[in-house]
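Here are some exercises to work through with the model open beside you. Try each task before you read the solution.

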Amino acid sequence: MAETTDLSGRVALVTGAGSGIGRQAAETLAGAGAAVACTDINLAGAQETAASIEAAGGRAIAIAHDVVEEDQWEAAVKATVDALGGLHIMVNNAGIELVKTIPDISTADFRRVMDINVLGVFLGIKTCTDAMTASGSGSIINLSSVAGLIGAPRQAAYCASKGAVRLMTKATALELAGAGHPIRVNSVHPGIIETPMLEDLMTGVPDEQRNQRLAQMKARHPIGRLGQATDIANAILFLASDLSSFMTGSEVVVDGGMTAN
Ligand SMILES: NC(=O)c1ccc[n+]([C@@H]2O[C@H](COP(=O)([O-])OP(=O)(O)OC[C@H]3O[C@@H](n4cnc5c(N)ncnc54)[C@H](O)[C@@H]3O)[C@@H](O)[C@H]2O)c1
């Protein structure tokens, strides 16, 4: 039978599923037939996503989950397997941005970005391996960024974290495949995507300056527009499905051409 994006019978866990890319990824995976555990430090957001999946006829649960806490990871994976019957797809999406000059980045700032964006992804990979192996197959999708491929001023901590996700993806892909686990690990590298994260960066910026900044951001994408959460969710769907069964340790760039030159 030809491979498709049909995910019937599969179970996914999406972190940071209460907003932006994570919410759209959860809805897209559910639309393809997966049962989805929507986890977020913001439980109300995760609950809204799960409710919208159920309203569309899908199956979802919501879990309060801080990705920095190992015991919360263990509880989230257990709750997913208990409620939905297994675990096949993990989207390590939860992340934070930090835009500050070098002198303004405190040690606490730097550690917080690395904790959520890097340690959070590592704990996700570490915690889901046994459940995925027991479920018969696994696809782990880690959200990196174009900031994991190229540098940017005022983003030293964020770029460090997203670069780490890129190579952690490759290292874990090799280790899991080498140890005979039926688990693939790939990273996704979005350009600038219109989500609440982008809105947060514009908080308090006067309209004129905001429009100017948005135009500058748009101009960095040769395709001529900013990305949408659906652009990234579609790549996540591809990596989650059997269509990508020969891909592991890969980096999928979804950036409107930003890093092509
Ligand atoms: N928006 C962009 O332009 C863009 C570009 C490249 C990469 N990304 C990456 O995509 C991912 C999603 O970004 P987004 O734009 O949807 O952001 P967002 O801010 O809209 O959503 C992030 C979600 O993560 C959750 N979260 C934050 N800290 C958490 C923690 N400790 N534990 C669990 N959940 C936590 C938040 O509550 C929120 O629901 C991030 O990893 C981000 O770095 C975003």
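**Exercise 1. Find the polar contacts that hold an oxygen atom of the ligand on one side and Asp-40, Ile-21 or Lys-162 on the other.**

Step 1: start at Asp-40, where a polar side-chain atom sits 2.6 Å from a ligand oxygen. That makes it a polar contact (a pair of N or O atoms within 3.5 Å; within protein, one must be able to donate a hydrogen and the other to accept it, and residues adjacent in sequence count only if both atoms are side-chain atoms).

Step 2: go to Ile-21, whose backbone supplies an N or O atom 2.8 Å from an oxygen atom of the ligand.

Step 3: finish with Lys-162, where a side-chain N or O atom is 3.0 Å from a ligand oxygen.

Step 4: check the cover. The ligand taken alone exposes 830 Å², and the protein buries 91% of that (Shrake-Rupley method, 1.4 Å probe).

A word on the ground rules: this is a predicted model, so local features need pLDDT of at least 70 and side-chain atom pairs pLDDT 80 or more, while totals for chains, interfaces and linings use all residues. Residues are numbered from 1 along each chain as its sequence is written, and side-chain values use heavy atoms, with hydrogens and water left out.

**Exercise 2. Describe the shell around the ligand by residue class and by domain.**

Step 1: sort the residues of the shell, and you get 12 nonpolar, 12 polar and 3 charged (Ala, Val, Leu, Ile, Met, Phe, Trp, Tyr, Cys and Pro are nonpolar; Asp, Glu, Lys and Arg charged; the others, Gly among them, polar).

Step 2: look at the domains (bounds from an automatic or database domain assignment). Domain 1 (11–191 + 229–250) and domain 2 (194–226) each give at least three residues to the shell.

**Exercise 3. Is Thr-39 buried or exposed, and which side chain does its own side chain contact?**

Step 1: locate Thr-39 in strand S2 (strands are DSSP runs of E, at least two residues, numbered from the N terminus).

Step 2: read its accessibility. Thr-39 counts as buried because its relative accessibility is 0% (buried means under 20% relative accessible area, exposed over 50%, partly exposed in between; 1.4 Å probe, protein chains only).

Step 3: follow the side chain to His-65, which it meets in a polar contact of 2.8 Å.

**Exercise 4. How far apart are Ala-50 and Gly-18, in sequence and in space?**

Step 1: find Ala-50 in helix H2 (helices are DSSP runs of H or I, at least four residues).

Step 2: Ala-50 is buried, at 5% relative accessible area.

Step 3: from Ala-50 to Gly-18 count 32 residues in sequence, then 8.8 Å from C-alpha to C-alpha.
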